[in-house]
Amino acid sequence: MVAFAGCTSAPERSTPTQPLPAATTTFATLPPVGVFTYPTDSSDVVAQISVDVNAPIPLPLLTIYGDGRVVNAFENDWLVGAASDVALQGFFADADSIGLLDGDLVLRGRDDRGQPNIGVYLEVDGRTLNHELDLVRIERPVNLRAFLQRSATTNEFGLTDVYEPTAWINCTGDVCAVGDERGADFARPLLPHEDVDTLADEAGAARP
């Protein structure tokens, strides 16, 4: 004969008298994102990288306007398009990371006798910065050469439209003229913010 143990009722659950501890998981607070300010009018130049090509006027490789319009030179082609504020913030952040927002930077050639052949103009955070650089010396600060090459010689902003200027600036020797067609030994398009008469006074150019 098999005997079974007697059954007992389940123990009663006790009700906690103390509240459960509050969740202690927190998210680390990220540092604030730096926001660079710049003029936003369509005629305001907020950044420009230009190169001296032994002509009376420099060759602007990259020009950025306040409304986000960008004009970029690629060999014999000129492209135009719109850059977002996010893209411009990234551009200024890169410039800031190599010290281009600290103050005017002048780097000349050996023995400080070389003439600057690269100009970088920035209008940011209420300041106007004009950098005069020489190709011989742009290895310092570190990454300066990479920044210039990426910004001025590659399609960093993904431009797709061909820039059609209202006029061309044509130079032969020390004489420049502004005309409707491209010609002469050196030519570059008139940029949106440039005034023909003012340019003629500054560069010795004139309408033919």
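This text walks through one helix and the strands β2, β3 and β4 of a predicted model.

Start with helix α1, residues 85-97. The helix has 13 residues. From first C-alpha to last it reaches 18 Å, close to the 18 Å expected at 1.5 Å a residue.

Which residues of α1 are buried? They are L88, Q89, F91, F92 and A95. Viewed down the axis of α1, the buried residues fall within an arc of 160°, so they line one face of the helix. The general geometry is simple: an α-helix has 3.6 residues a turn, so residues three or four places apart point the same way. On the other side of α1, V86 and S97 are exposed. Here exposed means over 50% relative accessible area, and buried means under 20%.

What covers the buried residues of α1? The cover includes three strands, β1 (45-51), β2 (59-65) and β6 (118-124), and the helix α2 (144-153). After α1 comes G99, whose phi is positive, near 90°.

Now turn to strand β3, residues 69-74. β3 is mostly covered, with five of its six residues buried. β3 pairs with β2 in the antiparallel sense, over three bridges. Across this pairing, L62 stands opposite N72 of β3. The two strands form a hairpin with three residues between them. In that turn, G68 has a positive phi of about 95°.

β3 also joins β4, residues 77-82, through six bridges, and these two strands run antiparallel. V70 has G81 in β4 as its bridge partner. β3 and β4 form a hairpin too, with two residues between them. E75 sits in this turn and has a positive phi of about 50°.

Definitions and conventions: Residues are numbered from 1 along each chain as its sequence is written. This is a predicted model: local features need pLDDT of at least 70, side-chain atom pairs count only at pLDDT 80 or more; totals for chains, interfaces and linings use all residues. Side-chain values use heavy atoms; hydrogens and water are left out. Helices (H or I, at least four residues) and strands (E, at least two) are DSSP runs, numbered from the N terminus. The expected span of a helix is 1.5 Å times one less than its number of residues. Buried means under 20% relative accessible area, exposed over 50%, partly exposed in between (1.4 Å probe, protein chains only). The arc is that of the directions from the helix axis to the C-beta atoms. Contact means heavy atoms within 4.5 Å. Two strands pair if DSSP finds at least two bridges between them.
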